[in-house]
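Thanks for coming, everyone. Let me put the structure up, and then I'll talk you through it.

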Amino acid sequence: MWYRSASFVLDRQRVRNDPVPNPDTLSISPPPSSMADTLQNLNPKTNVSAYYQTRAAHHGVVTSDWLAQAQAAVGRSSEDEGMLRESDVGVAGGKAFSVIDEFNSWRKQPDLAEAVAAIRALAAVIRNSQATTMMELEIELKRASDSLKSSDTTSISLTASCDLFMRYVTRTSALEYEDFNSARSRLIERSEKFGEISYKARRIIAMLSQDFIFDGCTILVHGFSRVVLEVLKTAAQNKKLFRVLCTEGRPDRTGLRLSNELAKLDVPVKLLIDSAVAYSMDEVDMVFVGADGVVESGGIINMMGTYQIALVAHSMNKPVYVAAESYKFARLYPLDQKDMAPAPRPIDFGVPIPDKVEVETSARDYTPPQYLTLLFTDLGVLTPSVVSDELIQLYM
Amino acid sequence: MDPRRAPRSVIDPKVRRVGFFTGTGQMLPSSAPFADLSSSPSVGKSLSPVMIPPPRHPSDTLSSSPVRRSSMAAAAVDSLAVGSYNASELLPGTSPSGRARNPELSDDLGASPGRSKRSPAFASSSVPASGLTTVSVVNLHPEKAVSASVEVQLDRTTTSKSLKERTSKAERRALQEAQRAAKAKGSKAPTTASGVVTSANVKSAKPSKIVSQKNDSGPVATPEKKGIDRPSEKDRKKDVPHPRMQYDDTSRVEKAKKRAVVKQTEARNRVELFRHLPQYELGTQLPDLEAKFFQLEPMHPAVCKVGLQYLSGDICGGNARCVAMLQAFQEVIKDYSTPSEKTLSRDLTAKVSCYVSFFIQCRPLSISMGNAIRFLKNSIAKLPLTLSESESKASLHLDIERFINEKIILADKVIVKHAVTKINDGDVLLTYGLSSAVEMLLLHAHELGKQFRVVVVDSRPKLEGKLLLRRLVGRGLSCTYTHINAVSYIMHEVTRVFLGAASVLTNGTVFSRVGTASIAMVADAFRVPVLVCCEAYKFHERVQLDSICSNELGDPDAISKVYGSRDINVLDHWANSENLQLLNLMYDAMPSDYVSMIITDYGMVPSTSVPVIVREYRGEHIWM
């Protein structure tokens with residue numbers, strides 16, 4: 001999908017001499033294993049969604065020791081680069097290469113989108129592959145992406161980006177006519193660039209959404225979404241005057257983190273508890289949410305609570321805007337809330353819960369398309385029904 | 001005239017005119033003025049393009065008695081029963097029985113009763129051709145010219161029967177019709193009465209509506225109008241009824257009828273709103289066809305067989321009909337040899353069109369069949385000229401084979417594969433009627449060991465659900481069977497509704513067995529997701545907002561008769577009651593709002609994405 005992106009917005013931006021931050025700042029090396037260990041411990045093989053586990057680790061309220069760890073990780077990343085090369089060689093020698101481990105190590109990086117981690121893991125597969133024909137490589141990739149997908153079925157963007165990458169490999173006609181080595185290096189190059197693509201997509205979305213944020217408006221946001229943050233940041237940079245209402249985002253309290261970020265930008269923020277959405281909806285002009293995945297019906301799967309916010313907004317005729325990169329478009333079609341792979345996560349109620357009491361642990365819900373107004377994607381501003389069109393064109 | 005036909009004239013005036021109201025019943029009086037024109041086909045045929053209207057005798061006009069007039073009107077009415085927007089075109093389409101009676105009529109019609117009385121009215125009232133408004137201004141002149149010529153014809157027209165009729169209304173109708181005719185005069189009907197003559201012997205068995213009216217467009221009449229006794233192959237091709245022919249357009253219908261191999265008797269007491277659709281009485285055609293079997297020179301036996309199976313209802317269901325048709329075409333192609341001086345692609349296309357028209361006469365085409373025919377014609381057209389005949393035949397055979405395999409059989413498998421992911425343990429699935437895709441889906445899900453329950457909802461008169469029920473229960477599924485009346489009761493325990501479809505239109509409207517829309521509506525009200533299983537070859541780029549303009553009418557007797565219960569015979573002789581019309585619709589249109597998901601061979605898509613599939617795959621589908 002990236003080849004059709006509405007990047008003209010960025011080009012226009014560049015003409016205006018707004019320097020685009022260098023995407024290469026995203027480090028390309030896997031984070032150190034120390035953090036991976038802690039996360040592994042966080043994620044025992046119980047029924048807890050690895051995806052939301054990671055998210056919680058990334059977006060939960062920042063604790064000081066987490067910061068220290070992250071700091072250390074950045075410091076060590078350069079050394080790791082060397083290690084990575086070594087390990088590449090080592091794979092050929094004997095140590096089995098596991099795409100899942102690779103992915104997990106990438107995933108630990110807080111700044112990296114899930115999809116980017118997946119693509120990088122697949123790139124590592126290509127790098128380690130001993131295939132000599134395109135077909136062999138394709139089969140190997142297929143196997144890797146399948147195992148990757150099955151390793152965490154709760155992450156939609158992981159599945160979507162694996163599919164997308166496979167699509168690119170099997171569909172790009174240029175690959176068929178090149179000799180194997182150049183095709184391979186082209187694939188690797190493409191996957192390396194994916195981080196950039198993901199970053200660029202975020203920029204495009206931020207630019208596209210600027211027309212919708214007007215002076216004096218009040219925006220309700222739910223959850224912590226890098227894209228939404230980028231949108232708001234850009235609006236603040238553009239000297240727009242607006243106010244943000246942040247939901248608390250229990251149990252991860254992701255809203256707290258977003259309000260922190262916004263406060264740093266001097267944007268007036270008000271924090272709500274999740275149940276105060278309807279109470280304050282009348283002063284809201286628009287709702288902005290991100291998405292874990294955009295599904296084929298045009299609806300979104302997002303953090304728990306999005307659906308009820310959309311319902312309230314819909315009943316009060318407030319627009320609901322979704323900001324999502326196009327690599328989050330997934331070939332899923334949930335019919336209702338229960339028609340999704342369950343993604344449970346632990347919830348801390350602060351007090352012990354008796355055994356007899358059941359706890360709803362699902363981490364996300366599905367918002368049907370009729371409650372969404374527009375989707376801001378790097379393909380442009382879309383109505384929900386266009387999502388399926390894009391998916392059909394991409395996958396069929 | 002056939003007494004049974006008489007009631008129709010009465011029916012029409014009572015009906016509120018909405019939408020597709022047509023002028024059928026009302027053309028009668030117009031026939032009166034016209035009637036004096038050459039009424040017998042033979043006469044009409046012989047009229048020269050430039051007609052000199054025979055003088056009308058004032059004495060004649062005076063002589064007509066009211067009774068006569070009314071009876072005449074009645075006669076004219078039934079004769080016109082075919083229904084049409086366009087009176088002028090209707091005129092030539094006379095039928096044999098009319099001819100036989102003509103002599104009788106001549107005297108009374110000669111009087112042109114309607115005319116004498118009505119001429120003042122003519123100027124003031126009219127019905128526009130569209131029939132949507134009731135009053136408008138009309139120009140008289142063409143009418144007059146016509147009427148003059150009509151006299152000749154009318155000499156032979158007849159009615160022996162005098163029915164008390166609401167003359168006044170009929171007369172008014174006549175006026176309108178006449179004016180309509182005048183309007184439409186410009187468009188001359190290229191048909192000829194002689195065509196009818198040939199079929200006369202066949203038809204005579206069942207008296208049908210006949211009008212001995214000559215096309216008013218006498219002066220404009222073209223040479224080709226006369227003397228085509230046997231429609232040539234070319235004509236056949238030309239006259240293949242449009243799949244969505246407006247059956248209230250009398251002239252078209254007559255034209256089609258002339259060529260028709262299957263003589264269908266049209267049902268009486270048709271509902272006004274649905275007059276544009278063909279409605280036939282069941283059971284009259286078979287002996288007729290048998291008698292004619294050896295006269296059907298161009299008809300391939302395989303085609304004939306399939307057509308008759310459509311007719312008798314032995315083959316029904318979109319896929320089954322489509323496959324049967326394609327297989328018949330395979331036979332045709334196998335036995336085909338190009339006549340000398342003709343090219344395969346053209347001649348075969350013509351032949352196929354001719355067979356298709358036969359199918360349409362047996363039963364209106366389904367959209368799936370229309371698409372398949374389109375595919376076949378395209379693959380004939382794209383045959384390289386360099387191919388030898390046998391090669392072309394082999395390639396066509398293969399194309400058809402592939403179409404059946406890929407677009408129908410494989411598509412169903414893919415649909416089942418997709419849809420089965422939406423069935424979870426503990427689900428209660430509701431389905432309506434009989435859909436092959438849904439049946440396969442349920443059986444497959446059962447084979448996978450999913451634990452679910454099925455609610456089969458059924459409705460009269462077809463009770464297709466019983467078939468499905470028997471097959472499901474035979475395989476050990478746990479089922480509930482109910483009729484559509486109970487759907488609102490049963491819906492609250494349902495978790496998914498799976499429906500089949502005859503077609504899915506571009507705006508997401510799902511065209512399916514009548515009753516499906518109600519099921520979907522109830523499901524929507526209960527917030528139960530509605531999943532429609534439909535192969536992509538049934539998608540159509542048409543947009544339709546209601547189920548009126550394109551539909552199919554079934555046998556009205558089917559709804560009046562309740563089998564197995566003797567005490568419900570209130571409707572036994574319903575056809576004799578003029579105020580009763582039975583409507584047995586076959587399909588209805590379900591708005592896209594009720595559809596949660598459409599499952600096709602291209603995956604699961606929302607109903608808003610139908611146009612994308614149509615756009616992206618239409619080409620592939622045709623040029624496969």
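I'll start with confidence, then go through helix packing, sheets and a few backbone details.

First, a caution: this is a predicted model. The scores are ipTM 0.73 and pTM 0.67. Chain A has an average pLDDT of 77, and 73% of its residues score at least 70. Residues 1–5 of chain A sit below 50, and that stretch has 17 contacts beyond near neighbours in sequence. There is another weak stretch in chain A, residues 17–45, where pLDDT stays under 50. For that one the model has 42 contacts beyond four places in sequence.

Chain B averages 68, with 51% of the residues at 70 or above, to put it as at least 70. Residues 142–165 of chain B are below 50, yet the stretch has 130 contacts beyond near neighbours in sequence. Residues 187–240 of chain B also stay under 50, with 148 contacts beyond four places in sequence. Where pLDDT is low, the predicted coordinates should not be read in detail. Please keep that in mind when you look at those stretches.

Now helix packing. Two packed helices are described by the angle between their axes and the distance between the axes.

Take helix 6 of chain A, residues 114–128, against helix 7 of chain A, residues 134–151. Their axes come within 10 Å and cross at roughly 140 degrees. The crossing is right-handed. From helix 6 of chain A, the contact uses Ala118(A), Ala121(A), Leu122(A), Val125(A) and Ile126(A). From helix 7 of chain A come Leu137(A), Glu140(A), Leu141(A), Ala144(A), Ser145(A) and Leu148(A). By class, that contact has 9 nonpolar, 1 polar and 1 charged residues.

Helix 6 of chain A also packs on helix 10 of chain A, residues 180–192. Here the axes come within 9 Å and cross at roughly 160 degrees. An angle over 145 counts as roughly antiparallel, so helix 6 of chain A is roughly antiparallel to helix 10 of chain A. The crossing of this pair is left-handed. On the helix 6 side of chain A we have Ile119(A), Arg120(A), Ala123(A), Ile126(A) and Arg127(A). They meet Arg184(A), Leu187(A), Ile188(A), Ser191(A) and Glu192(A) in helix 10 of chain A. What is the class make-up of the contact of helix 6 of chain A with helix 10 of chain A? The contact has 5 nonpolar, 1 polar and 4 charged residues.

Over to chain B. Helix 16, residues 318–334, and helix 18, residues 367–381, have axes that come within 9 Å and cross at roughly 30 degrees. Angles under 35 degrees count as roughly parallel, so helix 16 of chain B is roughly parallel to helix 18 of chain B. Helix 16 of chain B passes helix 18 of chain B in a right-handed crossing. Helix 16 of chain B contributes residues including Met325(B), Leu326(B) and Phe329(B). Helix 18 of chain B contributes Ser368(B), Met369(B), Ala372(B), Ile373(B) and Leu376(B). The split is 9 nonpolar, 2 polar and 1 charged.

Next, sheets. Chain A has an open, mixed sheet of 7 strands, in the order 3-2-1-4-7-9-10. Which strands stand at its edges? Strand 3 (269–272) and strand 10 (380–382) of chain A do; each has a single partner strand, so one side of each is left without a neighbour in the sheet. Neighbouring strands are turned by 25 degrees against each other on average, direction ignored. Strand 1 (217–222) and strand 2 (242–247) of chain A run parallel, joined by 5 bridges. Thr218(A) has Arg243(A) as its bridge partner.

Chain B has an open sheet of 4 strands in the order 8-5-6-9, also with mixed pairing. Strand 5 (503–505) and strand 8 of chain B run parallel, with 2 bridges. Val504(B) is partnered by Phe539(B).

Last, the backbone. Arg250(A) and Pro251(A) are joined by a cis peptide bond, omega about -5 degrees. Pro251(A) lies in the loop between strand 2 and helix 13 of chain A. In chain B, the bond from Arg460(B) to Pro461(B) is cis, omega near 0 degrees. Pro461(B) is in the loop between strand 2 and helix 21 of chain B. Finally, Glu341(B) is not a glycine, but has a positive phi, near 65 degrees.

Definitions and conventions: Residues numbered from 1 in each chain as written. Chains lettered and ligands numbered in written order. Predicted model: local features only at pLDDT ≥ 70, side-chain atom pairs only at ≥ 80, totals over all residues. Heavy atoms only, no water. Axes fitted to C-alpha atoms, helices over the stretch in contact; angles between N-to-C directions. Parallel < 35°, antiparallel > 145°, perpendicular 65-115°, else oblique. Left-handed = near helix turned anticlockwise from the far one by under 90°. Contact = heavy atoms within 4.5 Å. Nonpolar A, V, L, I, M, F, W, Y, C, P; charged D, E, K, R; others polar. pLDDT = per-residue confidence, 0-100. Pairing = 2+ DSSP bridges.
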